[in-house]
Amino acid sequence: MKQTLLSLSNLSKQFSGKTVLDGLDLEILDGEFITLLGPSGCGKTTLLRLMAGFEHPDKGSITLAGQDLTHTTPENRPLNTVFQHYALFPHMSVFDNVAYGLKMEKRPKGEIRQRVEDVLAMVQLQDFAQRKPHQLSGGQQQRVAIARAVVKRPRLLLLDEPLSALDFKLRRTMQVELKRLQRELGITFVFVTHDQEEALSMSDRVVVLKDGLVQQLGTPREVYERPANLFTARFVGETNFFPGTVDSVHDGSITVDVFGLKRTLRRPDFPVREGQKLHVLLRPEDIRVLDPADEHGVAGKIVERNYKGSTLDSVIHLTDGTEVLASEFFDEDDPAFDYRLGEPVKVSWVDGWEWLLPEEVAPEQSEEEFPADA
Amino acid sequence: MSRWLPRIYLTLVYILIYVPIVVLVVFSFNESRTGYSWGGLGLRWYESLFDNRAMVGAMWNSLWLALSAATVSTVIGALTALALHRYRFRGKKLLNGMLFVVMMSPEIVLAISLLALFLLVGLQLGYVSLLLAHVTFCLPFVVITVMARLSGFDESLPEAARDLGASDFTMTRTVLIPVIMPALLAGWLLGFTLSLDDVVVSTFVSGPGYEILPLRIYSMVRVGLKPEVNALGTLLLVFSLVMLMLSQWILIRSKR
Amino acid sequence: MHSVMQQPFKTAVLILVWGWLLFLVFVPNLLVVGASVMTRDPATFLSLPLNLDAYRQLFDPLYLEVFLHSLYMAAMTTLVCLLIGYPFAWALSKVGKQRQLVLIFLLIVPFWTNSLVRTYALKLILATNGLLNSALMSIGLIDEPLQLLYTEGAVIIGLVYLLLPFMILPLYSVFEDLRQELLLASHDLGAGRLSTFIHVIVPLTLPGVLAGVMLVLLPAMGLFFVPDILGGSRNLLVGNVIKNQFLDARNWPFGAAASIVLTVTMAFLMFAHRLSKRRLGEEGGS
């Protein structure tokens with residue numbers, strides 16, 4: 001199994017009395033692509049700056065492969081950063097930017113030249129070595145920033161929302177590019193983003209952060225399909241929350257009352273008792289829209305329909321006013337598959353596709369806190 | 001330490017900058033006849049200043065010159081800035097470059113070239129030659145000030161005004177002028193101060209018939225100490241402070 | 001309709017400003033260039049034939065010494081301004097935004113005050129029986145007053161005092177533009193404080209340094225009233241030479257040639273400044 005490379009323990013940081021990190025623990029494994037995901041102000045950038053050494057923690061320690069880095073200055077840490085706005089030196093050519101870190105290590109000239117050329121070839125910029133940063137496009141500047149950081153062969157590469165300044169298409173290309181580079185170099189990548197789709201598609205593991213605390217740490221699949229709490233469920237992807245009440249508890253299963261329907265569901269990991277309220281989480285693609293005549297399901301009507309190419313996304317209002325998002329794949333047998341607005345339907349889901357969470361003390365989190373999900 | 005060192009340094013430099021000014025103001029209220037020793041508090045140098053008819057005359061001459069030079073250069077400078085901002089024309093870069101050169105030129109170079117011109121065309125040295133010279137060196141500063149305001153200004157505003165049915169003239173009057181008003185004011189004040197402060201250019205292009213304040217002060221301070229200058233300097237300081245405060249106040253008000 | 005209303009306005013403005021610059025800047029400067037190659041004439045100021053005597057006279061040992069001494073004082077002034085101004089601007093850019101505005105205001109208040117009067121105020125302090133000597137004697141540091149006034153040092157102090165804001169303001173503006181991220185990037189790539197200063201901070205603030213040098217060095221050669229008030233007859237600036245030649249000695253060709261030296265210095269500094277900005281891709285470039 002992979003070994004721990006960087007371990008953060010009990011990290012706390014305050015800025016003028018405001019707690020940004022609150023006793024955070026995290027183990028980063030050697031060679032993994034790990035993403036710090038969270039809304040702005042969740043502490044992800046501060047965490048990155050602590051790892052880079054630009055800030056020092058009020059409490060706690062940072063250890064890299066057994067070596068204590070907590071009070072080491074940035075220039076003495078064997079890890080490098082790709083900055084959000086690239087931070088290329090405007091007065092130096094591409095070559096000099098990339099060579100900067102090696103010059104600081106006082107490497108011989110020949111070795112510097114060779115290594116810079118190699119890394120520029122790797123990011124396909126070998127023909128741009130003599131250009132100045134302002135003569136490059138955004139995507140090219142991005143590559144220089146990456147080349148400049150990886151040429152030092154760091155143990156760990158920190159990437160601070162490196163794709164946020166790029167347009168949508170370029171962003172996609174760079175996502176693939178970054179994954180390729182990470183595989184080729186075998187360097188551990190710590191990637192910061194607020195874009196959950198980016199986080200899910202690129203990472204080996206995702207750390208969901210909020211208010212300076214780790215909400216969940218897991219593979220993209222775990223985070224998406226089995227969110228640890230309501231925050232993660234809301235922040236990562238779109239989710240329908242159905243209120244449920246435990247009717248009876250059995251050995252491996254429980255019976256839950258949802259909108260008057262009694263469904264027998266797999267028993268969750270957390271303790272349950274009869275009469276307890278809980279949330280039944282369903283992703284839009286878990287929802288099944290049934291004929292109004294169907295005996296299963298909850299009655300409602302279609303209030304919105306959006307053609308998305310491969311899926312048909314619809315919004316259904318249940319009789320009690322609850323809004324349900326559904327996303328259905330087109331059926332090859334029925335290309336004309338569609339809904340009328342106002343059409344009565346019934347809503348259900350496939351057994352076992354639901355995810356149960358206990359009701360939290362203060363479950364209501366205003367949606368405005370999160371950036372609109374892309 | 002790294003927090004306090006810069007602060008201590010800044011404070012030290014500010015003290016050095018303000019010590020001479022404070023000394024000047026304090027000594028302007030000195031009753032002593034000699035310049036250095038302290039002879040008690042009093043207004044004698046202010047009295048002797050206002051009793052000096054030639055001095056008061058030079059003061060009025062300077063004020064009038066500064067007023068007219070600032071006004072003329074603001075009008076020409078603002079129009080030039082608008083033209084540079086709004087129109088494309090040949091030689092635009094050259095015009096920009098020339099204004100920059102005028103601004104950077106040592107005053108003395110400008111001074112002797114103007115003197116040569118005025119003697120060549122036979123212009124009597126006096127108010128007119130002073131005005132032409134002062135407007136010339138104030139002009140680039142006004143243009144820069146107004147341009148800076150225009151470049152930070154939303155291009156779609158004039159277009160929106162035109163779109164809503166305003167003619168070019170109406171748009172200029174109702175949108176452009178109000179937007180650049182603070183810059184016009186700042187440019188005018190800058191011109192006024194530059195003119196009132198100028199010694200170098202005025203030394204060359206003024207004539208005996210039109211004495212202005214800086215030249216009068218110059219002839220007074222070249223030899224020895226003249227305590228009246230303390231009083232005059234204090235008055236000028238208060239005057240420019242009031243002007244500066246006024247302009248800041250107007251600027252702050254216009255931003256609301 | 002649009003263009004009909006615009007064109008006369010545009011034409012009028014352009015004629016006005018071009019006319020002004022042509023007759024009050026371009027032609028006069030041509031006259032100076034012309035004067036510099038003519039012959040001195042006590043009666044009519046200038047006469048033919050054309051020659052380069054005035055330029056030759058610049059290298060006359062007597063004048064050469066004056067020029068070199070002036071250049072030395074101007075260079076010292078610039079250096080002192082830079083040494084005071086660079087850390088000053090740096091420190092200023094680190095202060096909180098609100099306080100920065102107040103400090104900038106305090107910096108330019110003296111600039112709005114008459115420069116002659118401020119030079120005179122220095123005289124009050126530096127004179128033989130002035131404040132500085134009195135203070136030093138009263139605390140027993142010296143027994144006899146020092147000769148501070150009418151020295152090279154006094155001229156340099158006067159020039160620094162008048163010109164310091166012109167060094168600080170362009171430096172402040174480059175430090176304001178200096179992105180903190182670039183300094184972090186430098187540290188991140190293994191550079192310590194000194195390396196970062198040499199390889200990143202200095203090159204990035206160079207346009208401000210050159211702008212400041214330009215704004216200080218040129219006036220420091222021309223402000224003739226400073227030596228007149230503080231320096232006595234031995235510490236002259238190029239400005240004093242030009243003024244004497246034009247107003248007293250009536251040797252116009254020589255005065256004109258001396259002023260051309262200033263213009264050439266200015267052209268050289270402007271070129272260096274443009275070059276430094278282009279290197280950063282701030283102007284022109286493709």
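**Exercise 1. State which residues of chain C carry the UniProt annotation "transmembrane region", and examine the backbone over two of these ranges.**

*Solution.* The unreviewed UniProt entry places the annotation "transmembrane region" on residues 12-38, 66-89, 101-121, 154-175, 196-226 and 252-272 of chain C. The structure to be compared with this record is a predicted model. Taking residues 12-38 of chain C, one finds 93% helix and 0% strand, with 37 Å between the C-alpha atoms at the two ends. Turning to residues 196-226 of chain C, one finds 94% helix, again with 0% strand, and end C-alpha atoms 39 Å apart.

**Exercise 2. Work out which chains touch, counting heavy atoms within 4.5 Å as a contact.**

*Solution.* Two pairs of chains touch, and of these the pair formed by chains B and C has the most contacts. Chain A and chain B are not joined by any contact, and their closest C-alpha atoms are 16 Å apart.

**Exercise 3. Describe the interface of chain C and chain A by its buried area, its polar contacts and its salt bridges.**

*Solution.* Begin with the area: about 2100 Å² is buried between chain C and chain A, and 60% of this lies on carbon and sulfur atoms. Next come the specific pairs, where seven residue pairs are in polar contact, both residues being at pLDDT 80 or more, while the rule finds zero salt bridges across the interface. On the side of chain C that touches chain A, the elements giving two or more residues are α8 (180-188) and α9 (193-222) of chain C. Sorted by class, this side of chain C comprises nine nonpolar, nine polar and five charged residues.

Notes: Residues numbered from 1 in each chain as written. Chains lettered and ligands numbered in written order. Predicted model: local features only at pLDDT ≥ 70, side-chain atom pairs only at ≥ 80, totals over all residues. Heavy atoms only, no water. UniProt positions renumbered as here; feature names shortened; annotations may be inferred. Helix = DSSP H or I, 4+ residues; strand = E, 2+ residues; numbered from the N terminus. Buried area = accessible area lost by both parts, 1.4 Å probe. Salt bridge = Lys/Arg side-chain N within 4 Å of Asp/Glu carboxyl O. Polar contact = N/O pair within 3.5 Å; in protein donor to acceptor, adjacent residues only side chain to side chain. Nonpolar A, V, L, I, M, F, W, Y, C, P; charged D, E, K, R; others polar.
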